[in-house]
Amino acid sequence: MRFPVRTWWRRVAVFALVLAAGDAGALAAQPRTAAQEAVLVREAFVHAWDGYVRYAWGHDELLPLTRGHRDWYPASLEMTPVDGFDTMLLMGLTREAARAKQLILDSLSFDRDFPVQVFELTIRELGGLLSAYQLDRDPRFLELARDLGNRLLPAFGSRTGMPYRFVNLRTGAVSGPVSNPAEIGTLMLEFGALGKLTGDPRYYAAAKRAVTALFARRSAIGLVGSAINVETGEWADPDSHVSGGIDSYYEYLLKAWRLFGDADFGRMWDSSIAAVNRYLADDRAGLWYGHADMRTGAQTRPYFGALDAFFPAVLAKGGDLRRAARLMGSVYRMWTTFGIEPEVLDYFTMQPVETGYELRPEALESAYYLFRRTGDRRYRDMGRVMVDSLLHYTRAETGFTALSSVVTKARRDRMPSYFLAETLKYAYLLFAPPATLDFDAIIFNTEAHPLRPTWRRSP
Ligand code: DMJ
């Protein structure tokens, strides 16, 4: 991985100075170059991080409007610095990265007597620590990742091999037997990479057994539902879609195949994407992916939302550029109908079903993948519009804040850690020089932490 080249920085230095002098309004009226757009996004990252440093230092997340902090559990697991660290490295923010690194290495401890959500800890912390290790090369990041991996492993101890939703980090006690495909199937990249980097095969084996057990319980027509009991293997909700609760299960089938070269994942991906395209793709009002009953394939609800907007990226990565481009057109329409995307949209009425905007990254992620795959400037143009409105509606005096309504643009006091890990990273990479990160040499986990196969892959 390489960082931004010197000459590029010289070219944008003048723009950065004008920005620092507070004349961003005047510049915003003119079409910006890609380099200038990248500087804007980098400045937004610094603004978000400064808010965290001032008002939430050492805690999980900043509350930007009340200038407070939020911890997910009785003690902080430093979600924002762990999630944001690799973005700092990619943006060349060396001072900020050094402070975040020191905080993490001095005070992050997983020896905690409380239950945590296995999925969230895996994608944010395990993924963040592994990519920190690969980019920064400090072995202490890998030791932290190994410690966390060991504490999460008891979650896989169900009869079926599918993980419980929660595990106590100190005692290993498990809870939450009713889980979903995303929480079961989105552990493979992180546990697999941990296994390859430490040489300990237990992590890869546990995560692969879980995915395989879930795939084996797909319906006769090849779909999965929204909830499954990991002890009995019985489905508890037959609602099938590509939205939250299922989304990254599909993403990881494809990416695990690519990252590890393991053909079993390739077979699971091929069979799953065929069923998704057959039963969930909905062509009646442009291309969308809606909801259907996993048993019959009958379409149920025409809902698509901010979380589903990752799907053009997955289609593009899987080589289906035609569907990816059409769906990206729908994602952009969803975004521009309200000036910013709603959490859930009824794509027949084009009315929001859930009105909030949670600073989510998926639409920008898809624009980035499509731009990298095709080189088509259209995707940067879409990205410009999305970045502009995002910065306009969500920037607060301290940090950035989620919206409770994309219709009224009313604000909600929240800045999730993925805003620094994902939203601003994808926005930046969309405009930064390709050499900033070798897109073809890495695989992003679902929290945008790049993983590089430095180990020998299967053919
Ligand atoms: C992130 O934590 C991950 O991208 C996850 O897969 C889905 N939700 C959020 C961002 O919206």
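Buried here means under 20% relative accessible area, so D293, at 16%, makes the cut. Keep in mind that this is a predicted model. Below is a quick tour of its nonpolar core, a small-numbered sheet, some salt bridges and the surroundings of one serine.

**Nonpolar core**
- The largest nonpolar core takes in 153 residues, and the members that touch the most others are Y289, F311 and F444.
- Take F311 as an example: once neighbours within four places in sequence are set aside, its contacts are V242, I273, V276, Y289, L327 and S366.
- Y289 therefore turns up twice, as one of the core members with the most contacts and as a contact of F311.

**A three-stranded sheet**
- Strands β3, β4 and β5 make an open sheet in that order, and the pairing is antiparallel.
- The edge positions go to β3 (115-117) and β5 (174-175); each has a single partner strand, so one side of each has no neighbour in the sheet.
- As general background, strands in a sheet pair through backbone hydrogen bonds, in either a parallel or an antiparallel way.
- Between β4 (residues 166-168) and β5, the antiparallel pairing runs over two bridges.
- If you want a specific pair to look at, V167 has V174 in β5 as its bridge partner.
- Helix α6 (residues 118-136) packs on this sheet and touches β3 and β4, with its direction at about 65° to that of β3.

**Salt bridges**
- The total comes to 34 salt bridges; here are a few worth pulling up.
- R267 and D264 meet through their side chains at 2.4 Å, N to O.
- Both of those residues sit in helix α12 (residues 263-279), three residues apart, or about one turn of the helix.
- How exposed are the two partners? R267 is exposed, at 52% relative accessible area, while D264 is partly exposed, at 29%.
- D293 and R295 form another salt bridge, with an N to O distance of 2.8 Å.
- That pair is a mix: D293 is buried at 16% relative accessibility, whereas R295 is exposed at 54%.
- E358 and R414 also meet in a salt bridge, at 3.3 Å, N to O.
- What does this pair tie together? E358 is in the loop between β15 (351-354) and α15 (362-374), and R414 is in the loop between α16 (377-394) and α17 (418-431), so the bridge links parts that are 56 residues apart in sequence.
- Both E358 and R414 are buried.
- There is a network as well: R32, E37, D381, R384 and D388 are joined by salt bridges that share partners.

**Around S76**
- You'll find S76 in the loop between β2 (68-70) and α4 (79-91).
- Is S76 buried or exposed? With a relative accessible area of 14%, S76 is buried.
- Its side chain makes a polar contact of 3.4 Å with the side chain of D60.
- The S76 side chain also reaches the backbone nitrogen of E78, at 2.9 Å.
- Leaving out residues up to four places away in sequence, S76 touches G58, H59, D60, D71 and R112.
- D60 thus appears both in that contact list and as the side-chain polar partner of S76.

Terms used:
Residues are numbered from 1 along each chain as its sequence is written. This is a predicted model: local features need pLDDT of at least 70, side-chain atom pairs count only at pLDDT 80 or more; totals for chains, interfaces and linings use all residues. Side-chain values use heavy atoms; hydrogens and water are left out. A nonpolar core is a set of buried Ala, Val, Leu, Ile, Met, Phe, Trp, Tyr and Cys residues joined through side-chain atoms within 4.5 Å. Buried means under 20% relative accessible area, exposed over 50%, partly exposed in between (1.4 Å probe, protein chains only). Contact means heavy atoms within 4.5 Å. Two strands pair if DSSP finds at least two bridges between them. Helices (H or I, at least four residues) and strands (E, at least two) are DSSP runs, numbered from the N terminus. Axes are lines fitted to C-alpha atoms, for helices over the stretch in contact, and angles run from 0 to 180 degrees between N-to-C directions. A salt bridge is a side-chain nitrogen of Lys or Arg within 4 Å of a carboxyl oxygen of Asp or Glu. A polar contact is a pair of N or O atoms within 3.5 Å; within protein, one must be able to donate a hydrogen and the other to accept it, and residues adjacent in sequence count only if both atoms are side-chain atoms.
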